[in-house]
Amino acid sequence: MKKIIVLGATGSVGTQALDVARKEGYAVTALSANRDVDSVEKYAREFNVKACAMADEGSANALKCKLSDTDIKVYSGDKGIVEMINDTDFDTAVNSTLGMAGLMPSLAVVSKGKRLALANKESMVIAGEILNRVAKENRAEILPVDSEHCAIHQCLKAGEKREVSRLILTASGGPFFGKKTSEIKKMTLDDALAHPTWKMGAKITVDSATLMNKGFEVIEACRLFDVPHDKVDVVVHRQSIIHSMVEFCDNSVMAQLSVPDMRFCVQYAVNYPDRCEGVTEKLDFFNIPSLTFDKPDTEAFPLLAKAYHAVKVGGALPCVLNAANEIAVAAFLSKKISFADISELVISAVDSLENDAKNAEALDEILAFDSLGREHVRNIISRAK
Ligand code: MG
């Protein structure tokens, strides 16, 4: 029986990972979440886990009380999550933690030599080179739980690495596809949260509307598959049926198709290299819409171009991009700034920190730029008030 732990268990991918565990009969040995005590208690009892961790310390105390009739160990705080990873027995960690908070858990998993099923793309964006190095040193595998990278992982099996000419990430284009810059400026929070094909959390839905998510995925692809940024292209494919493609040197293109359902990616990452009976629906070719392909509009969605720039420059610049975006999106979600402000703030942070950030290498240097990126955006927002 496969043993998994689910980090970020109450989020969109986390709950889908638990659903795969139910269907596949995986043993879930530990869970972590931020502050949703009721859901964690429910899942902890359902899966009879050994341990739980809450990032929020007050929530950890509340969970301890609720689980006092069990022998489930409860860990507290960000450090507690890492301790839980170190103390618990598992084969694969599904990391669907949101944002920067997922990085230290990712590093803890690969340091332990265990498989990381990575839905926290920020880990790769912020410190992909370090994460890959630690994984290699400890013979840990990293399997992507991001539909595009899961697709590429499968398509790459069709040839040798030296034969790959480019990776082609598909993008749904988000809710504002086809709109002009002037129209995008008027878009509201509700408009941004109406994603055409994927049901996801609020943060990533906004990232899809700005195409920042696709930008992060470009960086993630460069680092997961060790390819330069100019070998990664983005094609807008509105229907989210083709999840990504790989073009080989003979111009043959391999594509992976399936219904848009993240549970497939979780199942693939946990079971790899085996394939098991599907937990998701079959693709019904006679009932899917026509497949379309368009160029992304990097003028209307400048954050996609900024992500290419950030990974090209390297150092801590991708980290700054993520940090600035986390603060800007949080401000947009709490209606403090407009949709157009998100890209302006992120670009401002990247441009002003680029010179210093480009040479950062060590983890503590990179993390210092995480703080600087956040501070830069917070300062502009508070000055504008
Ligand atoms: Mg994706």
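The largest cavity in this predicted model is lined by Ser147, Cys150, Ala151, Trp198, His243, Gln256, Ser258, Val259, Pro260, Asp261, Phe264 and Cys265. A cavity here is a set of points on a 1 Å grid over the protein atoms alone where a 1.4 Å probe fits but cannot get out, and lining residues have an atom within 4 Å of a point. The structure holds one cavity of 30 Å³ or more, and about 40 Å³ of space lies in the largest; volume is the space filled by probe spheres set on the points, with points joined across faces, edges and corners.

As for who builds the wall, helices H7 (147-155) and H12 (262-271) each put in at least two lining residues, and H7 gives the most, with three. Helices are DSSP runs (H or I, at least four residues) numbered from the N terminus. By class, the lining has seven nonpolar, four polar and one charged residues.

Turning to the cores, the largest nonpolar one has 89 residues, of which Ile142, Leu167, Val232, Leu321 and Ile342 touch the most other members. Helix H14 (residues 317-333) gives the most to this core, with ten residues. A second, separate core of 41 residues includes Leu67, Val74, Ala119 and Tyr272. Such a core joins buried Ala, Val, Leu, Ile, Met, Phe, Trp, Tyr and Cys residues through side-chain atoms within 4.5 Å, buried being under 20% relative accessible area (1.4 Å probe, protein chains only).

Residues are numbered from 1 along each chain as its sequence is written. Local features need pLDDT of at least 70, side-chain atom pairs count only at pLDDT 80 or more, totals for chains, interfaces and linings use all residues, and side-chain values use heavy atoms, without hydrogens or water.

Conventions. On a 1 Å grid over the protein atoms alone, a cavity is a set of points where a 1.4 Å probe fits but cannot get out, and a pocket is an open set with protein on both sides within 12 Å along at least five of seven lines; lining residues have an atom within 4 Å of a point. Ala, Val, Leu, Ile, Met, Phe, Trp, Tyr, Cys and Pro count as nonpolar, Asp, Glu, Lys and Arg as charged, and the others, Gly among them, as polar. Buried means under 20% relative accessible area, exposed over 50%, partly exposed in between (1.4 Å probe, protein chains only).
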